[in-house]
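Hi,

Here is the structure I promised to pass on. Have a look at it first, and my notes follow underneath.

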Amino acid sequence: MKKVLFFLSIVFISFNSFTVVHKFYVSVTQIEYNDEQQSLQIISRIFIDDLEKVLTERYDTTIELTAEKDSNTVDQYLNRYLSQRLTITIDGKDVRFKFIGKEYEDDLVLCYLEVENITALHEIEVSNTTLMDVFEDQQNIIHVKHGDNRKSLILEKEKNRGVLKFSE
């Protein structure tokens with residue numbers, strides 16, 4: 001019995017010594033066209049620890065992304081960072097989003113954004129380089145909903161821009 005346990009221990013240690021822990025770097029941004037309000041409603045989900053890393057490197061080393069230590073300064077940094085990293089073009093015209101706010105959900109920060117005065121949506125071009133300046137393997141997934149149509153993009157460092165077309 002001791003030999004079997006010893007053998008199993010060696011096998012277990014051997015397999016574990018060759019495994020490499022690899023973190024997957026991803027964000028998910030949902031964009032929904034609201035015809036009634038003539039706006040794009042955007043929710044961007046980003047891992048707290050990844051976002052905290054970039055904000056502390058760029059803006060303030062004392063930032064902690066927690067509900068207990070939340071401040072208006074964090075919102076200002078988030079707005080500035082996302083404005084530099086997320087760009088949207090609707091039917092050939094660049095649009096700017098308004099930062100509505102954020103909330104924490106488990107290990108994610110949900111950033112709420114809105115683009116107003118969008119009377120129609122035939123084509124949307126999205127560039128999202130969020131966290132790509134810090135993490136080489138970062139992927140940013142974009143889901144766009146227009147009525148019953150749903151389309152998606154996966155953006156990476158070498159291909160950080162994509163176009164989706166909707167017909168009415």
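Let me start with a hairpin: strand 8 and strand 9 (residues 149-155) run antiparallel to each other and are joined by 7 bridges. If you want one rung to check, Asn140 has Leu155 in strand 9 as its bridge partner. There are 2 residues between the strands in this hairpin, and Gly147 has a positive phi near 60° there. Bear in mind throughout that this is a predicted model.

Now the overall picture. The protein chain has 3 helices and 10 strands, and along the sequence the order is α-β-β-α-α-β-β-β-β-β-β-β-β. The chain has 168 residues, and 39% of them count as buried. Its accessible surface is about 10,500 Å², with 51% of that belonging to carbon and sulfur atoms. If you take the contacts between residues at least 6 apart in sequence, 60% of them join residues at least 24 apart.

Next, the rings. How many aromatic pairs does the count come to? It comes to 2 aromatic pairs. One of them is Tyr25 with Phe135, which is stacked, at 4.1 Å centre to centre and with 15° between the planes. This pair links distant parts of the chain, with the two positions 110 residues apart. Tyr25 is in the loop between helix 1 (2-18) and strand 1 (26-34), while Phe135 is in the loop between strand 7 (123-128) and strand 8 (139-146). Tyr25 and Phe135 are both buried.

Tyr59 and Tyr77 form a stacked pair as well, with 4.9 Å from centre to centre and 5° between the planes. This pair, too, links distant parts of the chain: Tyr59 is in the loop between helix 2 (48-58) and helix 3 (72-85), Tyr77 is in helix 3, and they are 18 residues apart. Is Tyr77 buried or exposed? Tyr77 counts as buried because its relative accessibility is 14%, and the cut-off for buried is under 20%.

There is also a charge over a ring for you to look at. The charged end of Lys151 sits over the ring of Phe166, at 5.1 Å from the ring centre.

On to helix 2. Its buried residues are Ile48, Asp50, Leu51, Val54, Leu55 and Thr56. What do these buried residues pack against? Their partners are strand 2 (39-47), helix 3, strand 5 (98-105) and strand 6 (108-116).

Thr56, which is in helix 2, is one of the buried residues just listed. Its side chain reaches the backbone oxygen of Lys53 at 3.0 Å. Leaving out residues up to four places away in sequence, Thr56 touches Thr61 and Ile63.

Last one: Tyr104, in strand 5. Which residues is Tyr104 in contact with, once its neighbours within four places in sequence are set aside? They are Ile48, Leu65, Thr66, Ala67, Asp70, Val74 and Val109. Ile48 also appears among the buried residues of helix 2, and strand 5 is one of the elements that those residues pack against. For a backbone distance to check on your side, the C-alpha atoms of Tyr104 and Ile46 are separated by 9.9 Å, with the two residues 58 apart along the chain.

Over to you.

Cheers

Methods:
Residues numbered from 1 in each chain as written. Predicted model: local features only at pLDDT ≥ 70, side-chain atom pairs only at ≥ 80, totals over all residues. Heavy atoms only, no water. Phe/Tyr/Trp six-rings, centres within 6.5 Å; stacked < 30°, edge-to-face > 60°. Helix = DSSP H or I, 4+ residues; strand = E, 2+ residues; numbered from the N terminus. Buried < 20%, exposed > 50% of the residue type's maximum accessible area, 1.4 Å probe, protein only. Lys NZ or Arg CZ within 6 Å of the ring centre and 35° of its normal. Contact = heavy atoms within 4.5 Å. Areas by Shrake-Rupley, 256 points an atom, 1.4 Å probe, with all protein chains shown as cover. Pairing = 2+ DSSP bridges. Polar contact = N/O pair within 3.5 Å; in protein donor to acceptor, adjacent residues only side chain to side chain.
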